[in-house]
Amino acid sequence: PADFICPITTEVMSDPVMAADGHSYERKQIERWLATKSTSPMTGEALQHTHTFPNHALRGRIREW
């Protein structure tokens, strides 16, 4: 499913986290992105904050798949 794919890597995520833009990303990739940028990889707009939060529900769905 498309929502299992990280928009940065275009691969299935194993450790999905949610960013301030409401999108989920692979943890290592979004952390690398946010180390140098404060914009959304999806929209290019400024993020309100650069914190990420584990997306447990998505991770569970990916593991079941």
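Q: Is R27 buried, partly exposed or exposed, and at what relative accessibility?
A: Keep in mind that this is a predicted model. Buried means under 20% relative accessible area and exposed means over 50%. R27 comes out at 22% relative accessibility, so R27 counts as partly exposed.

Q: Which residue forms a salt bridge with R27, and how far apart are the closest N and O atoms?
A: Helix α1 holds both partners, 4 residues apart, about one turn of the helix. The partner, E31, counts as partly exposed at 41% relative accessibility. So what we have is a salt bridge within 4 Å by the rule used here, and R27 pairs with E31, with the closest N and O atoms 4.0 Å apart.

Q: Which residues are linked in a network of salt bridges?
A: One piece is the pair of E31 and R27. Another is R59 with D15, whose side chains meet at 2.9 Å, N to O. Put together, the linked residues are D15, R27, E31 and R59.

Q: How many residues apart in sequence are the parts that R59 and D15 tie together?
A: R59 counts as buried at 16% relative accessibility, while D15 counts as partly exposed at 22%. R59 and D15 meet in a salt bridge. R59 lies in helix α2 and D15 in the segment before β1, so the pair ties together parts whose separation in sequence is 44 residues.

Q: Which residue forms a salt bridge with D3?
A: By the rule used here, the model has 4 salt bridges. D3 sits in the segment before β1 (16-18) and its partner is in helix α2, so the pair ties together parts 58 residues apart in sequence. D3 counts as partly exposed at 37% relative accessibility, and its partner counts as partly exposed at 41%. With the closest N and O atoms 2.4 Å apart, that partner is R61.

Q: Which helices each supply at least two residues of the largest nonpolar core?
A: This core has 11 residues in all, among them F4, C6, Y25, I30, L34, L58 and I62. The helices that each supply at least two of its residues are α1 (27-34) and α2 (56-64).

Q: Leaving aside neighbours within four places in sequence, which residues is L58 in contact with?
A: L58 is one of the residues of the largest nonpolar core, and F4 and M13 belong to that core too. Once neighbours within four places are set aside, the contacts of L58 are D3, F4, M13, P16 and S24.

Q: In what order do the 3 strands of the open sheet come?
A: The edge strands are β2 (24-26) and β3 (53-54), as each pairs on one side only. Between β1 and β3, which run antiparallel, there are 2 bridges, and M18 stands opposite F53 in β3. The pairing in the sheet is antiparallel, and the order is β2-β1-β3.

Q: What angle does the direction of α2 make with that of β1?
A: Start with α1, which lies across β1, β2 and β3 and runs at about 95° to β2. Helix α2 packs on the sheet as well, touching β1, β2 and β3, and its direction makes an angle with that of β1 of about 155°.

Q: What phi does T10 have, although it is not a glycine?
A: T10 is found in the segment before β1. With a relative accessible area of 60%, T10 is exposed. Its phi is positive, at about 60°.

Note on methods: Residues numbered from 1 in each chain as written. Predicted model: local features only at pLDDT ≥ 70, side-chain atom pairs only at ≥ 80, totals over all residues. Heavy atoms only, no water. Core = buried A, V, L, I, M, F, W, Y, C linked by side-chain atoms within 4.5 Å. Buried < 20%, exposed > 50% of the residue type's maximum accessible area, 1.4 Å probe, protein only. Contact = heavy atoms within 4.5 Å. Pairing = 2+ DSSP bridges. Axes fitted to C-alpha atoms, helices over the stretch in contact; angles between N-to-C directions.
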